Every structure is written in C-alpha cells, then in structure tokens.
Amino acid sequence: MKIIITGCGKVGRTLAEQLSRENHDVTVIDQNPEALQYVADNLDAMCVVGNGAVFRTQIEAGVEEADLMIATTSSDELNMLCCLIAKKAGNCHTVARIRNPEYYQEIRYIRGELNLSMAINPERAAAMEIARLLRFPSAIKIEPFAKGRVELLKFVIPRESALDQMRVSEVVEKLRSNVLICAVERGDMVVIPDGNFRMQSGDKISFIAPHKDSADFFKKAGIGTSTIKSVMIVGGGRLAYYLAKTLSDTRMKIKIIDRDERRCRELSELLPGAMIIHGDGTDQRLLLEEGIGSAGAFASLTGVDEENIMMSLYAASESDAKIITKVGRIAFENVINSLNLGSVIYPKLLTADIILQYVRAMQNSMGSNVETLYKIVADKVEALEFRVKKDAPMLGIPLEKLNLKDNLLVACINRNGTIITPRGQDTLEAGDTVIVVTTHTGLNDLKDILR
C-alpha cells in the first residue's frame, strides 16, 4: 500500500520503520529537515520537507495515489486538518492522533464530520492497557484476541513457583491447566519453546488462554491473583485523568499526586471520586506519608522518564504494590526492561501498534487475511490472528504433519466461538480463526506459516 505519514516524531518514525519493513510504499512529511534525515539515511522511504496541512505539500507527497494518510504531529488541530485535506485531495483512508480530552469527548462527531477512518488517543490507549493490568495484577502485559475470548498474558516466574525448573510439556500434566506457553524471554534471549524447554525463575513467560483458564493457571502455579483495592498515581496529566476515569467503575481507591496546584484543582473537579494531593511525587517522605507501603498499585505517570523510573524503583523497594512505569522515550529499551519497573508502558509504541493493526486490517480487505497483530517482544516476536479461508492449503491436516517454519507456533484455534488449545492431532478448518506466534515478522497470509 502507499502510505503517507505526517509528523516525524517518535510515533511517526516508529510507524515509518515498521511499515517500510513490511514493504509498504512510505512517504514521510515534516517541516524539520533534521527529523527527516534519520528516515532518509536508514529507511526505504520517501521524505518531503513541508507543512502536511498544505495541499501542495500533500500533492508532492503523492496523496492522489495514496491508500492511507496517518497524521501524528504534536498538534491535534493540524492532524485533523491534514486528514481533511487528504480526504478531499486523494479520497484515501485517514488516521489522526487526537489527544485533547475535550476533543475526545466529541470524537464521534469529529470522526463523522471529517470522515476519519480512525482517531487514536495515545494516553487513552495507555490508560486502557494499565486498567487491564490492574484488573489482573499478576501479569505485566495483556493482549486480547478472538474478540476478547482469549488473552495473551506475560508474567515473570517468581522464586519458589511450581513452574521453576518445569518443562513446558509438563504444564498440562502436572498443573492440569489449559494454557499454551508460546514465548520465553531470558535475558537478551527470546525463545519459542518446544515441549522439552525447561523454565526457570526470572524468565518472562508469554502464554495464551481463555480468561477463566489464565486465572486458574496463575493459582496452580503459585502466583498471586489478589485484587487491587487502591492505586497511587504520581503525575496528573492526561494519562492519569483517563486512567482514573477508566477505573471509576471499579471499587479501587484512587490517589493522584501532582506538583502543579492549578492542575490539582482541575482534577478535583473532573474526578470527584479520586483523592487529589498537591505535592512532589519524587519526595520520599511524602510518598511514605501517603501510604506507599500499603498501596495495592503504584503508577509513575509524569512526563519525565527519569523521575518515573526512580519513583518506581523506590516504590518496589518499599512495598509489594503492582508497579506501572510510563516511559516516553523508546531508546535504551533493553536497559529499562532489566530494571525492576513492573509493567513498562510506552504510549508512543502503543499508538504505533494500534495504527499498525489498522493497516493490517486494511490489507485484510485487500487480500491479506491478518485479523489482529500484537508485538510480544519489541521487534522479535509477533502474535498474529488469521482467518482460515476455504482454499487454505493446510485444511484438515493434523498440525503435527504440517511442515511449519522454525520458531513458529500455532497457539490457539477459535472455531465458532469455541476455543481450542491446539495439540498435534488438531486440524484447521475453513472459517476458523487461528493465532500464530512467531519470530518471523511481516507474515501476510496463513500459508506463510509453511516452509
């Protein structure tokens, strides 16, 4: 597909990297020549210096032949104007990043009037992700598949867990649990394990299971599943606001700390059910006075990565709270993941992933049959959901007899709403949706799983 990206910030650059890697024809527009230099030097993509909201600039970028315009500048208004012009000039699909809560309250009207294909709000997407994690505190990452019937969860094996030194093949037999372990991270190594792989404490395990089975698995594996009753949030920005609104239908007690007195007054009016505290969240004494030691969850959501990291490390040393750490910069990911920061949330990566899923859905209508895509481990492992078509070459053949690519696992089959955890004798039938976990990025069709 021909895709134009307006705005070469972190989200725009990440999208350009991913989409060019998947062999799309990508053009990036930005007013800053230095921002475009990285794209020109490192990616197979065209660059246009100029204002993406100017008709002439879009024509130069090839909007008349484009399939999709993605506007990811720092200005909501500019993004909406870019999409409006692209729709009129090229009649292409349009995706706009819209962050302002006032706009987002009217998002249906805006989408309808501007004919937007999709509006993405990074902070709201991150808030939804954090809310899922707080409802299932044992997991550090949760991704829904099969319209929510199945979840892919990631967690760290604690010491003295029943899983320590257990082979993957023994999970079903010893724990009598209907889950499929599909990826293991150990240091810098990422493995799609076979039955003989032996897990150990400290490993990050990704597994797929229906919701009720995942809770049962955690219980049998000796991993705590207690519900969270209180959450302390440091930073009163948009993300904290969306998170508090999302959690308002739960019984969690919400406490937000922010150093800006005016913002605290705003939040106290917007969030009458939350306790708002004016203070410096980096002050250890304040955190102790406000009860960090007894908090069920602690989320550091300020705009400064270094502060978030230090506060999360301190919270982890003072309590058993579920730790959530927001990180804005995407660099040094390996270093950040090696620290005890609990669940690390990258709003910009989340935004890029959601837009990437939309691109895959567009491809789906243009020949590809990828329904859903999630990146389990950065750019190393993907989980994809395919729909099995009538002409698929593997219909009716037991999985153990298929000549599958290495480092690829058929992880789940959804047959008319019935979830099947696949074993060697199971087959794929027309109409099924199937989840595949693999280190091979960029698969577009189910037949690509075969050698």
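So, the largest nonpolar core: it has 74 residues, and Leu-163 and Met-199 are the ones with the most contacts inside it. Keep in mind that we're looking at a predicted model here.

Let's stay with Leu-163 for a second. What is Leu-163 in contact with, once we leave aside its neighbours within four places in sequence? Well, Met-199 is on that list, and so are Phe-155, Ile-157, Val-171, Leu-175, Phe-217, Ala-221 and Ile-223. There's also a second, separate core, with 46 residues, and that one includes Leu-36, Val-39, Leu-356 and Leu-408.

Okay, on to the sheets. One is an open sheet of five strands, in the order 7-8-11-9-10, and the pairing is antiparallel. On the edges we've got strand 7, residues 141–145, and strand 10, residues 189–191, each pairing on one side only. From one strand to the next, the twist averages 15 degrees.

If you zoom in on strand 7, you'll see it paired with strand 8, residues 150–156, in the antiparallel sense over five bridges. Pro-144 stands opposite Glu-151 of strand 8 there. And then helix 9, residues 211–220, packs on this sheet, touching strand 8 and strand 11. The direction of helix 9 makes about 135 degrees with that of strand 11, which is 204–210.

Now the other sheet. This one is open too, with six strands in the order 14-13-12-15-16-17, and here the pairing is parallel. Its edge strands are strand 14, at 275–278, and strand 17, at 343–345. Strand 17 pairs with strand 16, residues 322–326, over three bridges in the parallel sense, and the bridge partner of Thr-325 in strand 17 is Val-344.

Two helices to point out on this sheet. Helix 10, residues 238–246, packs on it and touches strand 12, strand 13 and strand 16; its direction makes about 170 degrees with that of strand 13. Helix 11, residues 261–270, touches strand 13 and strand 14, and its direction makes about 170 degrees with that of strand 14.

Last stop, helix 7, residues 122–135. It reaches 20 Å from its first C-alpha to its last, close to the 20 Å expected for its 14 residues at 1.5 Å a residue. Is helix 7 largely enclosed or left open? Enclosed, because 10 of its 14 residues are buried. Those buried residues include Ala-125, Ile-130, Leu-133 and Leu-134, and also Glu-123 and Glu-129. And right at the start of helix 7, a side-chain oxygen of Asn-121 comes within 3.1 Å of the backbone nitrogen of Glu-123.

Technical notes
Residues are numbered from 1 along each chain as its sequence is written. This is a predicted model: local features need pLDDT of at least 70, side-chain atom pairs count only at pLDDT 80 or more; totals for chains, interfaces and linings use all residues. Side-chain values use heavy atoms; hydrogens and water are left out. Two strands pair if DSSP finds at least two bridges between them. Helices (H or I, at least four residues) and strands (E, at least two) are DSSP runs, numbered from the N terminus. Axes are lines fitted to C-alpha atoms, for helices over the stretch in contact, and angles run from 0 to 180 degrees between N-to-C directions. Contact means heavy atoms within 4.5 Å. The expected span of a helix is 1.5 Å times one less than its number of residues. Buried means under 20% relative accessible area, exposed over 50%, partly exposed in between (1.4 Å probe, protein chains only). A polar contact is a pair of N or O atoms within 3.5 Å; within protein, one must be able to donate a hydrogen and the other to accept it, and residues adjacent in sequence count only if both atoms are side-chain atoms. A nonpolar core is a set of buried Ala, Val, Leu, Ile, Met, Phe, Trp, Tyr and Cys residues joined through side-chain atoms within 4.5 Å.
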